[in-house]
Amino acid sequence: FDVWIHALFHLLRWADQENLDLVWTTRVGRSGVCALMVIPLIGVPMMYCKAQLSYEVRKGLHYCFYVFGIALCFHVPTSALPNGGFIVPVLGTCIVMYT
């Protein structure tokens with residue numbers, strides 16, 4: 001749920017600043033929307049649909065992690081260290097280890 005709260009406050013701040021177009025016009029906005037759209041496919045089946053979905057389907061949905069991880073690699077520039085620039089090497093390593 002942290003992802004949704006994070007996105008909500010970004011949208012509220014950008015709306016307050018009359019910069020809501022940043023969602024579509026910047027790398028941060030587009031990669032955030034991409035990550036936001038794919039995260040329910042990763043988490044919801046494990047939290048709420050575990051009994052209804054087979055293991056194979058749930059495992060298959062976890063491959064959406066690749067999309068999520070790559071989106072986050074583009075979300076924060078490495079120049080943003082220490083606040084978030086670490087995400088490229090960390091998630092890049094996770095993606096390599098996951099394959």
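Start with the whole protein chain shown as a surface: its accessible area is about 6,800 Å², and 71% of that belongs to carbon and sulfur atoms. Areas here come from the Shrake-Rupley method with a 1.4 Å probe, and for residues only the protein chains shown count as cover. You are looking at a predicted model, in which local features need pLDDT of at least 70 and side-chain atom pairs count only at pLDDT 80 or more, while totals for chains, interfaces and linings use all residues. Residues are numbered from 1 along each chain as its sequence is written, and side-chain values use heavy atoms, with hydrogens and water left out.

**Stop 1: the overall fold**

Switch to cartoon. The protein chain has 6 helices and 0 strands, where helices (H or I, at least four residues) and strands (E, at least two) are DSSP runs numbered from the N terminus. The C-alpha trace spans about 45 × 30 × 20 Å along its principal axes. Of the 99 residues, 26% are buried; that word stands for under 20% relative accessible area, with exposed meaning over 50% and partly exposed in between (1.4 Å probe, protein chains only). Contacts are heavy atoms within 4.5 Å. Among those between residues at least 6 apart in sequence, 49% join residues at least 24 apart.

**Stop 2: helix α5 and the core**

Now select residues 65-75, helix α5, and colour its buried residues: Phe65, Phe68, Gly69, Ala71, Leu72, Cys73 and His75. To see what covers them, add other helices, including α1, α3 (27-47), α4 (55-62) and α6.

Next, pick out the largest nonpolar core. Such a core is a set of buried Ala, Val, Leu, Ile, Met, Phe, Trp, Tyr and Cys residues joined through side-chain atoms within 4.5 Å. This one has 14 residues, and Ala35, Ile42, Phe65, Phe68, Leu72, Ile87 and Leu91 touch the most other members. Helices α3, α5 and α6 each supply at least two of the core residues, and α5 gives the largest share, with 5. Zoom in on Ala35: beyond its neighbours within four places in sequence, Ala35 is in contact with Phe68, Ala71 and Leu72.

**Stop 3: the aromatic rings**

Show the side chains of Tyr63, Phe65, Tyr66 and Tyr98, which ring pairs link into a cluster. The structure holds 4 aromatic pairs. One of them, Tyr63 with Tyr66, is stacked, at 6.3 Å centre to centre and 10° between the planes. Rings of Phe, Tyr and Trp (its six-membered ring) pair if their centres lie within 6.5 Å; planes under 30 degrees apart are stacked, over 60 edge-to-face and the rest tilted. Are these two tyrosines buried or exposed? Tyr63 is partly exposed at 41% relative accessible area, and Tyr66 is partly exposed at 21%.

**Stop 4: the surface patch**

Return to the surface and select Phe1, Trp4, Val44, Met47 and Tyr48, which make a nonpolar patch of about 590 Å². Patches take residues with over 30% relative accessible area and no salt bridge, joining like charges within 9 Å and nonpolar side chains (Val, Leu, Ile, Met, Phe, Trp, Tyr) within 5 Å. A salt bridge is a side-chain nitrogen of Lys or Arg within 4 Å of a carboxyl oxygen of Asp or Glu. Trp4 sits in helix α1 and is partly exposed at 44%.

**Stop 5: Leu20**

Finally, select Leu20 in the loop between α1 (2-16) and α2 (22-25). Leu20 is partly exposed, at 36%. Not counting residues up to four places away in sequence, Leu20 touches Leu11, Trp14 and Ala15.
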